[in-house]
Amino acid sequence: MSDADEPVVLVVDDEPDMTRLYEAWLSDEYEVWVANDGHEALERIDERVALVFLDRRMPDLLGREVLERIRERGYSCRVAMLTAVAPDMDIIRMGFDAYLTKPVDREDVVTAADRLLSLDQYDDDVQELYVLVEKRSSLERAVPDEELEENPAYEELEDRIEELESRLDETVREFDESSFRAMFREI
C-alpha cells in the first residue's frame, strides 16, 4: 500500500509524549498526523483525514469544541474521543463515533481505528447503531445504573438503539435462503 492509499489519522492531544506514542502505534497501518492542541488540530484537518483521535480536555480548546468545529466545517471523518475524562451523560449528544478512556494500550487504539475506518462499508443504519451502542457501552461502564435509568436522554438513546435493531432484524429476515444463494453465485 502506498502512502497515498493509507488513510490519514489525526491524533490530537496536549501531551506530546502521548501523540508520539499513538503515532508509533498507528503508523504501520496509517498515515498519522499529530496536533498538540485544538487550534493546531483545526489548522491541520482537511478532507484527507479519515479519523481523528481527540483528547477531550485540552487547555486551549476543549475536545468538544474541536469536534463541534470539525462537524461545522462539514468534515465527515470519524472521530474517537481518546481521553482520561470518564464519560458522562453529555456524550449522548456529542457527534463522535467512539469513546476510549485512558489508559489505553496499542491494541485498544489500533482496534478502534480499524473498526471505525471499516464502518463506511456498511449502510447508514448499521453505522448509526454502532455509534449509539459505543456510547451506551461507555456510559454503562462509567455511570451508575440508577442515574442512567432516570435520565431522559439515555432513555432516548435506548429507544433509538431498539428501533435500529428492529429495523435491521427485519431486513435480515427478508433474506431467505434463495436470496443468499443468488447473492453468493454472483460473487
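In this predicted model, strand E1 pairs with strand E3 (residues 49-54) in the parallel sense, and 5 bridges connect the two. Within this pairing, Val 8 of E1 finds its bridge partner in Val 49 of E3. Strand E2 (residues 31-35) is also joined to E1, again by 5 bridges, and these two strands run parallel. Here Leu 10 is matched with Trp 33, its bridge partner in E2. The connection between E1 and E2 is worth following along the chain: together with helix H1 (residues 16-26), the two strands make a right-handed β-α-β unit.

The surroundings of E1 (residues 8-12) fit neatly into this picture. Of its 5 residues, 5 are buried, so the strand is largely enclosed by the rest of the structure. In a regular strand, side chains alternate between the two faces of the sheet. For E1, both faces are covered: Val 8, Leu 10 and Val 12 are buried on one side, while Val 9 and Val 11 are buried on the other.

Attention then turns to helix H5 (residues 124-142), which contains Gln 127. Gln 127 has a relative accessibility of 14%; because buried means under 20%, this residue counts as buried. Leaving aside residues up to four places away in sequence, Gln 127 touches Arg 78, Leu 119, Asp 120 and Tyr 122. A further spatial relationship involves Asp 97: 30 residues separate Asp 97 from Gln 127 in sequence, and their C-alpha atoms are 9.0 Å apart in space.

Terms used:
Residues are numbered from 1 along each chain as its sequence is written. This is a predicted model: local features need pLDDT of at least 70, side-chain atom pairs count only at pLDDT 80 or more; totals for chains, interfaces and linings use all residues. Side-chain values use heavy atoms; hydrogens and water are left out. Buried means under 20% relative accessible area, exposed over 50%, partly exposed in between (1.4 Å probe, protein chains only). Helices (H or I, at least four residues) and strands (E, at least two) are DSSP runs, numbered from the N terminus. Two strands pair if DSSP finds at least two bridges between them. A crossover is right-handed if, with the strands pointing away from the viewer, the path from the first strand over the helix to the second runs clockwise. Contact means heavy atoms within 4.5 Å.
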